[in-house]
Structure formats: structure tokens, C-alpha cells
Amino acid sequence: MSRQFVPPVALITGASLGIGAATAREFAKRGYAVAVHFNASERQALEVVTDIESSGGTAASFQADLSDARQCQHLVSSVVERFGRIDVLVNNAGSLIGRRLLAEIDEEFWNSVMDLNLASVLWVTQAAAIHMRKRGTGAVVNLGSIAGHNGGGPGAILYATAKAAVTGMTKALAKELIAQGIRVNAVNPGVILTPFHERFSSEERMRDMVSQIPQGRAGESEEVAMVIAFLASDAASHVVGESVEVNGGMLMD
């Protein structure tokens, strides 16, 4: 009697738009069942699920506010309950939230930026690692940013700080979890054509940033998604604790 094929499962946080949505579709193309996480963008998340299913793939949407540690844990539990496992975790959820200069930052804003962009990486990974550890294998890919290297644009102090910390956290997690068969790496996108920049960057600001890219253009979400999928694949089986820059040469580290 032949065994029924059980597809590997990828949980993509912040998967309703931009890089997250492109990553969800990329993993579906590679044969994964995809858990499409969203917070407020339910309609867009359902569109991603529908796209995947219409192409013969398997996907389901999951809502959670990842600035809340308990909801991070509940998200992972819900995905495992639905699919039975998690093979890949992509910590993509994050946002600038707003541009504020130093004098405009208060404790509430600090907490909101750090909880979403940094703490969520820890809490979701902590919860997912429990299930990966049982199987002795897994891959985690965290989303940093070029802002973590260069400080970002005006009013991005906290976002840049959080993304720089994601790089450090990636290395620390990689050192601890590799002994349990779990590889952790990161991707640092540069200027990518996503709703992020539509919301937070003016046309003038975008033109200025693109003018600094040696390749002469902004990146596409799909270009970042393919690098994420590579880091999670067996083709990157000996890549541990790395942060890959995807920015068209804007910053070479």
C-alpha cells in the first residue's frame, strides 16, 4: 500500500500583501501547504489563498495580532491544528507604523514598533520551534531590512533599530537551534515595490532612493520571495545564521 503524500507546511506571517503574499505563492509553487497569516487585511489574505487553491495548491488563512505574544503562540497552535506540522516559518510581518523624529517618540510608539517588528519574531519562532524540534528539522527565515544597516530614512529610528536587532537575533537563534536540526537565516530587502512604500514613502523619496541603486531600479516582491524560498530549501542546507542582502547593489555587505 502506497503512502499518501503529505506536503510540507510553510507559515508566512504578514502574507496578505507585498513580500509576504509573493512568498506564500512561491512556497505554494514549490509544493508546500501554506498558512497565510494576516492581521487586518482579511480580504487580501483570502485572495492569496484563492490564488493558491485555484492553481491546485493548498492554503488557509489565519488571523492574529502579532504585537501580542499570546496571539503569536495561538497562531502557531492554529496552524499545527489545521495542517499537523510546520516545516518552514517565514517571519515577514512588520511595519514602520509611522515616521517619527526623535522628539516625537514616546513609550507607546516604542512598544508598538518593537512588539511587531522584533518581539513577534521571537514569540512566533519560540512556538514554532517546539514543533520543529519534535521532527528534528525545520527552517526559519526572518525578514530584516536595509534600514537595519543604514538607519533608514527620516523618522525610521525605531524601525531601523528593530530590524538591526532582527539580524542579531537571527544569529543567536541560529546558534541555538541548529543543534536541533532547525536552520535560521534572514533576508534584508532594500527598496522593493510594495504597499509599504506606497504608504510611507513619497514619490520624491522613492525617486531619490531608486537613484542610489546601482541596478537602476527598485526590486519586486517576487525577487525577495525566491531568495526566502532558497534559504528554506535543501539547496541551502549548509547555510546557517546568514543575512542575505536583496537590494540591487544599494548596499553591499
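**From strand 7 to the whole fold**

Residue S243 is found in strand 7, which comprises residues 243-246. The model under discussion is a predicted one. The relative accessibility of S243 is 19%, and because burial is assigned under 20%, S243 counts as buried. Setting aside residues up to four places away in sequence, S243 touches T167, A186 and N188.

One of these partners, T167, leads to helix 6, where it is itself among the buried residues. Helix 6 covers residues 157-177, a run of 21 residues. At 1.5 Å a residue this helix should span 30 Å, and its end C-alpha atoms are indeed 30 Å apart, so expectation and model agree. The buried positions of helix 6 are L158, Y159, A160, A162, K163, V166, T167, M169, T170, L173, A174 and L177. An α-helix has 3.6 residues a turn, so residues three or four places apart point the same way. What covers the buried residues of helix 6? The cover includes helix 4 (107-135), helix 5 (147-150) and helix 7 (195-200), together with strand 5 (138-143), strand 6 (182-189) and strand 7.

Helix 7, one of those covering elements, contains P195. With a relative accessibility of 34%, P195 counts as partly exposed. Which residues does P195 contact, once neighbours within four places in sequence are left aside? The contacts of P195 are with L17 and G18. P195 and L17 are 178 residues apart along the chain, yet a distance of 7.3 Å separates their C-alpha atoms.

G18 belongs to helix 1, which runs over residues 18-29. For the 12 residues of helix 1, the rule of 1.5 Å a residue gives a span of 16 Å; the end C-alpha atoms are 17 Å apart, which agrees. Helix 1 is mostly covered, with 10 of its 12 residues buried. The buried set consists of G18, I19, G20, A21, A22, T23, A24, E26, F27 and A28. After helix 1 comes G31, which has a positive phi near 95 degrees.

A positive phi is also found at I97. Most residues other than glycine have a negative phi. I97 is a residue other than glycine, and its phi is a positive value near 70 degrees. Where does I97 lie? I97 is placed in the loop between strand 4 (88-91) and helix 4. The relative accessible area of I97 is 29%, which makes I97 partly exposed.

These local features belong to a protein with 9 helices and 7 strands. A compact globule of 253 residues would have a radius of gyration near 18 Å; the protein has 17 Å, and the two therefore agree. The C-alpha trace spans about 65 × 35 × 35 Å along the principal axes. Of the 253 residues, 50% count as buried. Among contacts between residues at least 6 apart in sequence, 73% join residues at least 24 apart. The protein exposes about 12,100 Å², and carbon and sulfur atoms supply 51% of that area. Its side chains include 21 positive and 26 negative ones, and the centres of these two sets lie 7 Å apart.

Terms used. Residues numbered from 1 in each chain as written. Predicted model: local features only at pLDDT ≥ 70, side-chain atom pairs only at ≥ 80, totals over all residues. Heavy atoms only, no water. Helix = DSSP H or I, 4+ residues; strand = E, 2+ residues; numbered from the N terminus. Rg over C-alpha atoms; globule rule 2.2 N^0.38 Å. Buried < 20%, exposed > 50% of the residue type's maximum accessible area, 1.4 Å probe, protein only. Contact = heavy atoms within 4.5 Å. Areas by Shrake-Rupley, 256 points an atom, 1.4 Å probe, with all protein chains shown as cover. Lys, Arg positive; Asp, Glu negative; His and termini not counted. Charge placed at Lys NZ, Arg CZ, Asp CG, Glu CD. Expected span 1.5 Å × (residues − 1).
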